[in-house]
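Thank you all for coming; I would like to walk you through one structure this morning, slowly and from the outside inwards. Please have a look at the sequence and the model before I begin.

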Amino acid sequence: RVRVIVDENDSSEMVLSPPLNRLLALANIVAHALEDGRTLTPRDIFYYQKGGHNEFPSMESCSSTIRLLGRLVRVPRHCLNIYSPSRGLVVGNVLVLTTPHCNTQVP
């Protein structure tokens, strides 16, 4: 349950839908990371647990919530300090060619 205070005199509780819970949890995680100057990866966010509870049941739900937050605040993901790690700049076999005037030997 998430307690939503609409009026100081009203102490009723509302149960928010899972997507809204995820969005609020993500906004909280991102806000703290921005305050601390930390960067996050989608995987960091997926595995982040508060009180032993993970808001994101799957990596896809985490990624879609990140995209939704970016659209709502109208900024690209990197402005939220969320970056995907590089998986490599080169794929496949690599052949290094040297020119005749190059003295460097490639093992």
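How much accessible surface does the protein chain have, and what share of that surface belongs to carbon and sulfur atoms? The accessible surface comes to about 8500 Å², and carbon and sulfur atoms account for 54% of it. I should say at once that we are looking at a predicted model, so please hear every value that follows as something computed from that model.

Let me turn to the overall layout. The protein chain has 3 helices and 0 strands, and if you read along the sequence you meet them in the pattern α-α-α. There are 107 residues in the protein chain, and buried residues make up 21% of them. As for how the chain contacts itself, if we take the contacts with a separation of 6 or more, 46% of them are between residues 24 or more positions apart.

Now to the interior. Which residues touch the most other members of the largest nonpolar core? That core has 14 residues, and the ones with the most contacts to other members are L26, V30, L40, I45 and I82. The elements that give two or more residues to this core are α1, which covers 18-36, α2, which covers 42-47, and α3, and it is α1 that gives the most, with 5 residues. To take one of the core residues by itself, V30 touches L40, L69, L80 and I82, when residues up to four places away in sequence are not counted.

A second residue to find on your screens is A33, which has its place in helix α1. Is A33 buried or exposed? Its relative accessible area is 0%, and because buried means under 20%, A33 counts as buried. With residues up to four places away in sequence set aside, A33 touches R38, L40 and N81. The last of these contacts spans a good stretch of sequence, for A33 and N81 are 48 residues apart along the chain, while their C-alpha atoms are 7.5 Å apart in space.

Moving on to helix α3, which runs over residues 59-73, I would like to compare S61 and T65, both of which lie in that helix. S61 is buried, with a relative accessible area of 10%, and T65 is buried as well, at 7% relative accessibility. What does each of them touch, leaving aside residues up to four places away in sequence? S61 touches R22 and F56, whereas T65 is in contact with R22, L23, L26 and F56, so that R22 and F56 appear in both lists.

Helix α3 also has something to show on the outside. L68, which is found in this helix, has 30% relative accessibility and therefore counts as partly exposed. Together with L72 and V73, L68 forms a nonpolar patch on the surface, and the accessible area of the three together is about 240 Å².

Next, the aromatic rings. The count comes to 1 aromatic pair, formed by F46 and Y47 in an edge-to-face arrangement, with 4.9 Å from centre to centre and 70° between the planes. The two partners differ in their surroundings: F46 is buried, at 12% relative accessibility, whereas Y47 is exposed, at 53%.

Finally, the charged side chains. Side chains of opposite charge can pair when their charged atoms come close. How many salt bridges does the structure hold? There are 2 salt bridges. In one of them D36 pairs with R38, and the closest N and O atoms are 3.6 Å apart; here D36 is exposed, at 53% relative accessibility, while R38 is partly exposed, at 39%. We have already come across R38 among the residues that A33 touches. In the other salt bridge E60 pairs with R67, with the closest N and O atoms 3.1 Å apart, and R67 counts as partly exposed at 44% relative accessibility.

To gather this up, we have a predicted model with 3 helices, a largest nonpolar core of 14 residues to which α1 gives the most, and a nonpolar patch on the surface formed by L68, L72 and V73.

Methods: Residues are numbered from 1 along each chain as its sequence is written. This is a predicted model: local features need pLDDT of at least 70, side-chain atom pairs count only at pLDDT 80 or more; totals for chains, interfaces and linings use all residues. Side-chain values use heavy atoms; hydrogens and water are left out. Patches are made of residues with over 30% relative accessible area and no salt bridge: like charges are joined within 9 Å, nonpolar side chains (Val, Leu, Ile, Met, Phe, Trp, Tyr) within 5 Å. Accessible areas come from the Shrake-Rupley method with a 1.4 Å probe; for residues, only the protein chains shown count as cover. A salt bridge is a side-chain nitrogen of Lys or Arg within 4 Å of a carboxyl oxygen of Asp or Glu. Helices (H or I, at least four residues) and strands (E, at least two) are DSSP runs, numbered from the N terminus. Buried means under 20% relative accessible area, exposed over 50%, partly exposed in between (1.4 Å probe, protein chains only). Rings of Phe, Tyr and Trp (its six-membered ring) pair if their centres lie within 6.5 Å; planes under 30 degrees apart count as stacked, over 60 as edge-to-face and the rest as tilted. A nonpolar core is a set of buried Ala, Val, Leu, Ile, Met, Phe, Trp, Tyr and Cys residues joined through side-chain atoms within 4.5 Å. Contact means heavy atoms within 4.5 Å.
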